[in-house]
Amino acid sequence: MCRCCARVLTCDTLPRTCLIAVTLAVAAGCSNSSREGFLHTFDPCAAAVAPETAAADELDAVSAGIALWNGAAKLQLALDGDAPPEWPRIPLRFQDAAGGFHGLYDDEHVIVFINRRLDPAYRPVVIAHELGHTFGLVHIAPEARTSLMNAGNLDVTPTAEDVAALFAIWGTCERRAVRTSRPAFPR
Ligand SMILES: [Zn+2]
């Protein structure tokens, strides 16, 4: 299963097929929906993002997306090379896709896809949105509230409510660091 966030779809196929399905569904005017539950989620207090790219502008975008969450929720997300080796890695791949597609978190194959053709100005928010899915956050209907997790969001950064939703799942990193005596990671 995977989530496709230009239009939200459920795909029981491989990611590449899913990307094609998104294109077709967008063309067909597929309606938005959201589903609860992810097959695999990551602890935002102890995870690193591992981009499969060496392009400087793409790495910068990933760092900017990480910074949006770290700034809003005092997380300790980091890039692969900057994190303790024992932390789980969130694979992230830039891939060419149709223009209406932004990104997706494939929670079955455990990888985040970001459309390489996306306007670079939107990349940080789209990456933060997809990271939100990896933490277990589901879509928020725009009529409910403005959220990073609005489907198709391109410009809303993590809000106080988004942070509260994240803490409702995982708790704050500071509290858990005390409870588990996990060594603090330099920020
Ligand atoms: Zn989404």
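**View A. The buried residues of helix 3 in this predicted model.** Helix 3 covers residues 123–134. It is mostly covered, with 12 of its 12 residues buried. Arg123, Pro124, Val125 and Val126 are among the buried residues. So are Ile127, Ala128, His129 and Glu130. Leu131, Gly132, His133 and Thr134 complete the list. The end C-alpha atoms of helix 3 are 16 Å apart. At 1.5 Å a residue, its 12 residues should span 16 Å, so the two values agree. Just after helix 3 comes Gly136, with a positive phi of about 105°.

**View B. The whole chain, for orientation.** The chain has 187 residues, of which 41% count as buried. It contains 5 helices and 6 strands. Their order along the sequence is β-α-β-α-β-β-β-β-α-α-α. Take the contacts between residues at least 6 apart in sequence: 60% of them join residues at least 24 apart.

**View C. Strand 2 and its two partners, strand 3 and strand 4.** Strand 2 holds residues 48–51, and strand 3 holds residues 78–79. The two run parallel and are joined by 2 bridges. Opposite Val49 in strand 3 stands Leu79. Between strand 2 and strand 3 the chain passes through helix 2, residues 56–73. This β-α-β crossover is right-handed. Strand 2 also pairs with strand 4, residues 89–95. That pairing is parallel too, and has 4 bridges. In strand 4, Ile90 is the bridge partner of Val49. Ala50 has Pro91 as its bridge partner in strand 4.

**View D. The two faces of strand 4.** In a regular strand the side chains alternate between the two faces of the sheet. Which residues of strand 4 point to the buried face? They are Ile90, Leu92 and Phe94. Arg89, Pro91, Arg93 and Gln95 point to the other face and are not buried. Strand 4 also runs parallel to strand 6, with 4 bridges joining the two. Leu92 has Val112 as its bridge partner in strand 6.

**View E. The hairpin of strand 5 and strand 6.** Strand 5 spans residues 103–106, and strand 6 spans residues 111–115. They run antiparallel, joined by 4 bridges. Asp106 stands opposite Ile111 in strand 6. The hairpin has 4 residues between the strands. Val110 takes a positive phi near 60° there. Are the residues of strand 5 buried or exposed? Gly103 and Tyr105 point one way, Leu104 and Asp106 the other, and all are buried.

**View F. The largest nonpolar core.** This core has 38 residues. Trp69 and Ile114 have the most contacts inside it. Several elements each supply at least two of its residues: strand 2, helix 2, strand 4, strand 5, strand 6, helix 3 and helix 4. Helix 2 gives the most, with 6 residues. Now look at Ile114, leaving aside its neighbours within four places in sequence. Its contacts include Leu92, Phe94 and Gly103. Ile114 is also in contact with Arg123, Val126, Ile127 and Glu130. The last four belong to the buried residues of helix 3.

**View G. Ala67, a residue of helix 2.** Why does Ala67 count as partly exposed? A residue needs 20 or more C-beta neighbours within 10 Å to be buried, and 12 or fewer to be exposed. Ala67 has 15 inside 10 Å, so it counts as partly exposed. The C-alpha atoms of Ala67 and Ala128 are separated by 8.7 Å. Along the chain, the two residues are 61 apart. Ala128 is one of the buried residues of helix 3.

**View H. Helix 4, residues 160–170.** The buried residues here are Asp162, Ala165, Leu166 and Trp170. Seen down the helix axis, they fall within an arc of 115°, so they line one face of helix 4. An α-helix has 3.6 residues a turn, so residues three or four places apart point the same way. Helix 2 is included in what covers the buried residues of helix 4. On the other side of helix 4, Ala160, Ala164 and Ala168 are exposed. Just after helix 4, Gly171 takes a positive phi of about 75°.

Conventions
Residues are numbered from 1 along each chain as its sequence is written. This is a predicted model: local features need pLDDT of at least 70, side-chain atom pairs count only at pLDDT 80 or more; totals for chains, interfaces and linings use all residues. Two strands pair if DSSP finds at least two bridges between them. A crossover is right-handed if, with the strands pointing away from the viewer, the path from the first strand over the helix to the second runs clockwise. Two residues are in contact if their C-beta atoms, placed from the backbone, lie within 7 Å. The expected span of a helix is 1.5 Å times one less than its number of residues. A nonpolar core is a set of buried Ala, Val, Leu, Ile, Met, Phe, Trp, Tyr and Cys residues joined through C-beta atoms within 7 Å. The arc is that of the directions from the helix axis to the C-beta atoms.
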